[in-house]
Amino acid sequence: MIYTLTPNPAVDRELTVPAMELDSVLRASESRVDFGGKGFNVSRLLKGMEASSTAVGFLAGNAGELLQNGLKSLGIGTDFVWVAGETRTNVSIVTQTHDHYIKVNEKGPLVNFAKQQELLDKIDLLAKRDEWWVLAGSMPPGVADDFYARVVSVLNKHEAYAILDTTGEALRLGCVEKPYLVKPNAEEAQALTGLPVSNTAEIAAAAAELRKMGAQNVVISMGKAGALLQTSEGTWLTHSPKIQEKNPIGAGDSMVGGLVWALDQAVSLKDALGWGVASGAATASLSGTEVGTRPLIEELFGQVSFKKIETV
Ligand SMILES: Nc1ncnc2c1ncn2[C@@H]1O[C@H](COP(=O)(O)OP(=O)(O)OP(=O)(O)O)[C@@H](O)[C@H]1O
Ligand SMILES: [Mg+2]
């Protein structure tokens with residue numbers, strides 16, 4: 001089983017209006033609801049690859065029910081800790097021509113210490129040797145930045161594999177517990193290490209710094225330029241397949257989905273990176289919040305190229 005942990009999910013509601021106007025009632029010409037959460041995006045990619053996964057995290061209230069039912073309707077397993085209040089709803093109002101938007105994000109419910117412990121206990125029960133866990137996104141109110149570190153520590157105790165995709169202090173503290181893999185993008189790697197990331201040598205040095213912080217393996221994604229993988233055995237650069245970009249938001253989550261899909265099939269880390277890059281490219285080539293599915297990802301995987309690079 002592959003598990004995806006989303007501590008801070010949201011109902012994403014998007015309303016499309018003909019034109020933006022303040023202090024008046026606008027009529028939506030279209031509206032849509034998405035199940036927002038970086039771990040959920042990974043689960044959706046896995047579904048597209050015909051693999052099952054279970055989404056874990058904190059949910060609350062009616063909005064939480066909506067997310068749980070939505071995930072179930074997509075064929076994704078769910079096993080949540082329920083907290084008091086309402087899961088946040090994030091509202092975007094966008095113009096038909098996409099030249100203006102307003103976005104309002106709710107804070108989300110406070111997750112108290114007892115509920116955090118309940119989730120850690122759940123993970124302790126679920127975690128099994130050689131199974132894969134993706135820990136993705138930000139922390140909800142009340143949850144300290146060391147939460148992922150605590151999760152990684154529980155997973156390591158069971159010899160389960162942790163893949164961490166988060167930013168800042170949560171990423172730094174998570175690295176200390178030696179997760180199997182971390183996947184920042186270049187900007188996130190720069191923010192955490194304080195190192196420049198303007199060329200391959202610099203990105204390799206930032207990856208080395210993340211390994212020094214404790215991560216066993218590091219993938220730094222670089223949008224359409226591809227990604228860099230660094231393990232104890234070396235550093236590889238992967239070029240992403242050429243696509244017509246429609247919406248790159250969530251490409252990183254799909255990349256993590258492709259990576260964990262391949263790793264779960266016992267594919268080597270280097271080849272898994274190819275599946276990750278192909279999955280990220282597939283999602284970037286699709287509009288809205290659509291994610292890549294197997295035929296497209298297989299086709300793009302055929303176009304991925306690797307280069308081993310020497311680092312000093
Ligand atoms: N325009 C593109 N063309 C080809 N591949 C792309 C493109 N955009 C993204 N990708 C692929 O997806 C991977 C992840 O993208 P990116 O580095 O933008 O992730 P990210 O910033 O973490 O995204 P997010 O957090 O929004 O999901 C890249 O390494 C690349 O392989
Ligand atoms: Mg990302």
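A polar contact is a pair of N or O atoms within 3.5 Å; within protein, one atom must be able to donate a hydrogen and the other to accept it, and residues adjacent in sequence count only if both atoms are side-chain atoms. The structure is a predicted model, in which local features need pLDDT of at least 70 and side-chain atom pairs count only at pLDDT 80 or more, while totals for chains, interfaces and linings use all residues. Residues are numbered from 1 along each chain as its sequence is written, chains are lettered from A and ligands numbered from 1 in the order in which they are written, and side-chain values use heavy atoms, with hydrogens and water left out.

**Exercise 1. The surroundings of ligand 1**

Task: Determine which residues come nearest to ligand 1, and describe the polar contact that Asp253 offers to an oxygen atom of the ligand.

Solution.

Step 1. A residue is near a molecule or strand if one of its heavy atoms lies within 4 Å of it. Around ligand 1 there are 23 residues, of which Asn185, Ser221, Ser240, Glu245 and Gly252 come nearest.

Step 2. A polar backbone atom of Asp253 lies 3.1 Å from an oxygen atom of ligand 1. For Gly226, a polar backbone atom is 2.9 Å from an oxygen atom of the ligand. Lys38 takes part through its side chain, where an N or O atom is 3.2 Å from an oxygen atom of ligand 1.

Step 3. On its own, ligand 1 has 640 Å² of accessible area, and the protein covers 89% of this. Such areas come from the Shrake-Rupley method with a 1.4 Å probe; for residues, only the protein chains shown count as cover.

Step 4. Helices (H or I, at least four residues) and strands (E, at least two) are DSSP runs, numbered from the N terminus. Two or more residues of the shell around ligand 1 come from H8 and likewise from helix H9 (269-284).

Step 5. By class, the shell contains 10 nonpolar, eight polar and five charged residues. Here Ala, Val, Leu, Ile, Met, Phe, Trp, Tyr, Cys and Pro count as nonpolar, Asp, Glu, Lys and Arg as charged, and the others, Gly among them, as polar.

**Exercise 2. Asp253 and Asn41**

Task: State whether Asp253 is buried or exposed, and which residues it touches.

Solution.

Step 1. Asp253 belongs to helix H8, which spans residues 251-264.

Step 2. Buried means under 20% relative accessible area, exposed over 50%, and partly exposed in between (1.4 Å probe, protein chains only). Asp253 has a relative accessible area of 3%, so this residue is buried.

Step 3. Contact means heavy atoms within 4.5 Å. Not counting residues up to four places away in sequence, Asp253 touches Lys38, Asn41, Val42 and Asp165.

Step 4. Asn41 lies in helix H1 (residues 38-48). With a relative accessible area of 15%, Asn41 is buried. With the same exclusion of sequence neighbours up to four places away, Asn41 touches Phe35 and Asp253.

**Exercise 3. Strand S4 and its partners**

Task: Find how many residues of strand S4 are buried, and which strands pair with S4.

Solution.

Step 1. Strand S4 covers residues 53-59, and seven of its seven residues are buried. Ser53, Ala55, Gly57 and Leu59 point one way from S4, whereas Thr54, Val56 and Phe58 point the other way.

Step 2. Two strands pair if DSSP finds at least two bridges between them. Strand S1 (residues 2-6) runs parallel to S4 and is joined to S4 by five bridges. One bridge links Thr6 with Gly57 in S4.

Step 3. Strand S5 (residues 77-82) also pairs with S4 in the parallel sense, over six bridges. The bridge partner of Leu59 in S5 is Trp82.

**Exercise 4. Two positive phi values**

Task: For His98 and Lys178, state the value that phi is near, and classify the accessibility of each residue.

Solution.

Step 1. Most residues other than glycine have a negative phi.

Step 2. Phi of His98 is near 65°, a positive value. His98 lies in the loop between strand S6 (88-95) and strand S7 (101-105). Its relative accessible area is 62%, so His98 is exposed.

Step 3. Phi of Lys178 is near 60°, again positive. Lys178 lies in the loop between helix H5 (168-176) and S10. Its relative accessibility is 49%, so Lys178 counts as partly exposed.
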